[in-house]
Amino acid sequence: MKLLNVGCGTHYAQGWVNTDTWETDTTRPDVRVEPGKPYPFEDNTFDAIYMGHVLEHIPWPEVQPFLEDMSRIAKPNAPMLIVGPDVHKTIKRWKDGLEPWWLVESVMEHLDVPDTHVPGLEWWDGAHHHWNCHEVRIEKLVSSLGFPNIKNVFDVIPNDSSGKSWYDKENNITWPVVGKYFWQLCIRFTNKQ
């Protein structure tokens, strides 16, 4: 199987084609891609595509073309998984005293990150969030683009934030999900035919 890990950052996944828009001593993608440009792969290349904490870093008007490009390079009916921050969940958890305020600030749209950057959080050019990401918005987006079999699978992921991947029995894939945090979303769907 040919598997794509989009926006790998420092989380390189063995057995996957790891891509990112930048490269450092700690981030070494297999393929460096250009922001806003089509991915440098042929149509129908990948059997599965993982997008972990990627979409919110793309300007909102560019998210639809980005997902259409992912559809182009994925095989028909290939499973895709989006994991990311859920602003609504994070705010609710902060209200209930379960998360710190700095986490709320870090998951919200924040184009001014250099001015409000929280010490200890990873920073790179493009680290800021361009829009507020949450489950309903992602579900509506992928539905509007015609992707079938949209499923919120957050509760399917093992409750393990130790950095272990998630085995998806339904698709026989070990997704490179770094960890489960209660402020995240996890939406699985399949490519168009």
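## Close-up views of a predicted model

**View 1. Lys95 and Asp96, neighbours in a salt bridge.** Lys95 has a relative accessible area of 66% and is therefore exposed. In this predicted model, Lys95 pairs with Asp96 in a salt bridge, with 3.8 Å between the closest N and O atoms. Asp96 is exposed as well, at a relative accessible area of 53%. Elsewhere, salt bridges with shared partners tie Lys151, Asp168, Glu170 and Arg188 into one network. The count of salt bridges comes to 12.

**View 2. Lys75 and Asp47, a salt bridge between distant parts of the chain.** The closest N and O atoms of Lys75 and Asp47 lie 3.0 Å apart. The two residues are separated by 28 residues. Lys75 belongs to the loop between helix H1 (60–73) and strand S5 (79–85). Asp47 sits in the loop between strand S3 (31–32) and strand S4 (48–52). Lys75 counts as partly exposed because its relative accessibility is 32%, and the limits for that class are 20% and 50%.

**View 3. Arg28 and Asp25, joined by their side chains.** The salt bridge between Arg28 and Asp25 spans 3.9 Å, N to O. That value falls within the 4 Å cut-off, so the pair counts as a salt bridge. Asp25 has a relative accessibility of 69% and so counts as exposed. Side chains of opposite charge can pair when their charged atoms come close.

**View 4. A nonpolar surface patch with two tryptophans.** Ile91, Trp94 and Trp101 make this patch, which covers about 290 Å². Trp94 is placed in helix H2 (residues 87–95). Its relative accessible area is 38%, so Trp94 is partly exposed. Patch residues need over 30% relative accessible area, and Trp94 passes that cut-off.

**View 5. Strand S2, paired with S1 and with S3.** Strand S2 covers residues 17–20. Val17 and Thr19 point one way from S2, while Asn18 and Asp20 point the other way. Are these four residues of S2, Val17, Asn18, Thr19 and Asp20, buried or exposed? All are buried.

**View 6. Partners across the strands, Asn5 with Asn18 and Asp20 with Arg32.** Strand S1 (residues 3–6) runs parallel to S2, and the two pair over two bridges. Here Asn5 stands opposite Asn18 of S2. S2 and S3 also pair in the parallel sense over two bridges. In that pairing, Asp20 stands opposite Arg32 in S3.

Notes. Residues numbered from 1 in each chain as written. Predicted model: local features only at pLDDT ≥ 70, side-chain atom pairs only at ≥ 80, totals over all residues. Heavy atoms only, no water. Buried < 20%, exposed > 50% of the residue type's maximum accessible area, 1.4 Å probe, protein only. Patch = residues over 30% accessible without salt bridge, like charges linked within 9 Å, V, L, I, M, F, W, Y side chains within 5 Å. Areas by Shrake-Rupley, 256 points an atom, 1.4 Å probe, with all protein chains shown as cover. Pairing = 2+ DSSP bridges.
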